[in-house]
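Student: I've got a model open and a list of terms I don't fully trust. Can we go through them together?

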Amino acid sequence: MTGVQTCALPISMSGGIWELRRDEITGWWSATVVDREFEPTRFVAERLSAERDPSCKNCAEATIEGVTRRMLRQGAFQSVGTRSDAARGESGFLTLSGMEEAGSWSTIIAPKLAHGELDEVPVGLVADFLIGVRDHLRAGRESGTTAYIQYVRNAGAQAGAMTDHLCFDAYDLPQVPHRLAEEIGGAARVSIRAGGCAYCRMIHEEESSGRRVVHRDAYGLVVAPFASRSAFETWVLPHGHAADFADADLATLRGVAETLQVAVRALRAIGMPPYNLMLHTAPLRERVDITYHWHWELHPRLRPIGGLELASGIPVVPIAPEEAAAELRRALR
């Protein structure tokens with residue numbers, strides 16, 4: 001994107017040069033290795049297993065066709081607050097009876113025995129998932145009792161999955177996640193400075209360049225972000241400007257379902273590793289229609305987090321997004 005800051009560091013790491021890249025929207029930095037060719041042996045991760053869990057609890061509650069919502073826990077979040085807040089109890093810690101329970105944890109599950117990946121099932125089933133997500137967001141917005149519903153798809157144990165049944169988890173949060181707040185605030189600042197939607201500008205500029213574009217269709221763009229935070233990270237950005245996924249119509253959801261399938265299919269270039277797919281959309285109680293843009297982020301889980309990342313908060317990405325995009329494009333071809 002225009003105005004994105006980059007800084008090449010002459011630091012050798014097995015022949016690699018790190019380039020510090022700054023996300024123009026959030027202001028967060030990442031360290032990207034930019035002078036090494038793609039080497040599959042550098043990435044060691046579990047591969048999604050073809051074996052199926054015979055005692056799948058989702059299968060026990062799923063229907064024969066369509067998707068089903070399964071409630072896992074009401075009052076899933078206990079609001080403790082700061083360390084000082086937690087010390088209010090007589091014992092020195094806040095007791096369970098003094099905590100404020102909020103939110104819930106639920107999951108949208110595929111039909112019985114649906115243990116395939118997103119790119120292996122009919123596109124209509126993926127669209128059903130997206131319709132379920134949208135309708136849940138609409139209900140949350142209308143109720144006015146929660147701040148944000150975070151949707152994620154965890155694939156593989158290394159990505160946090162507790163089942164191999166195809167599903168999307170929903171976390172009803174009593175507060176707007178920090179990552180999302182950074183995006184919303186940053187997008188507003190870019191809009192004030194440059195005009196328009198920062199994400200719409202990103203789509204236009206990435207399409208013009210083509211270097212990080214993995215796939216483009218009538219509904220969306222799959223792109224490896226300039227300041228990627230993980231190897232082979234991609235975003236699915238809808239062409240039509242919209243801040244709130246809850247406002248998406250059926251045609252958009254069916255189209256984006258195909259785009260999501262392509263994004264997941266591209267991961268077969270690197271052996272289909274575990275991954276996290278997450279929706280970023282407008283908060284339920286805020287209107288950010290002009291400056292924000294909903295999108296899906298796809299993060300493969302290819303390597304453990306290193307000490308530099310924990311110490312500095314700067315993600316280290318061992319392959320440049322330009323090279324990653326080229327590999328993923330080749331897989332789709």
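Tutor: Here is how a few labels follow from their definitions. This is a predicted model, where local features need pLDDT of at least 70, side-chain atom pairs count only at pLDDT 80 or more, and totals for chains, interfaces and linings use all residues. Residues are numbered from 1 along each chain as its sequence is written, and side-chain values use heavy atoms, with hydrogens and water left out.

Student: What makes α6 a helix?

Tutor: A helix is a DSSP run of H or I with at least four residues, numbered from the N terminus. α6 covers residues 250–266, which is 17 residues, so it qualifies. Its span, first C-alpha to last, is 25 Å, close to the expected 24 Å (1.5 Å times one less than its number of residues).

Student: Why are Leu253 and Val256 of α6 called buried?

Tutor: Buried means under 20% relative accessible area (1.4 Å probe, protein chains only). Both are among the buried residues of α6, as are Gly255 and Gln261, so each falls under that cut-off. Across the 333 residues of the chain, 53% count as buried.

Student: Why are four residues lining the second largest cavity called charged?

Tutor: Asp, Glu, Lys and Arg count as charged. The lining includes Asp23, Arg179, Arg229 and Glu233, so these are the four charged residues. Lining residues have an atom within 4 Å of a cavity point, on a 1 Å grid over the protein atoms alone, where a 1.4 Å probe fits but cannot get out. This cavity's volume is about 60 Å³.

Methods. Buried < 20%, exposed > 50% of the residue type's maximum accessible area, 1.4 Å probe, protein only. 1 Å grid on protein atoms, 1.4 Å probe; cavity = no way out; pocket = protein on both sides within 12 Å on 5 of 7 lines; lining within 4 Å. Points joined across faces, edges and corners; volume = space filled by probe spheres on them. Helix = DSSP H or I, 4+ residues; strand = E, 2+ residues; numbered from the N terminus.
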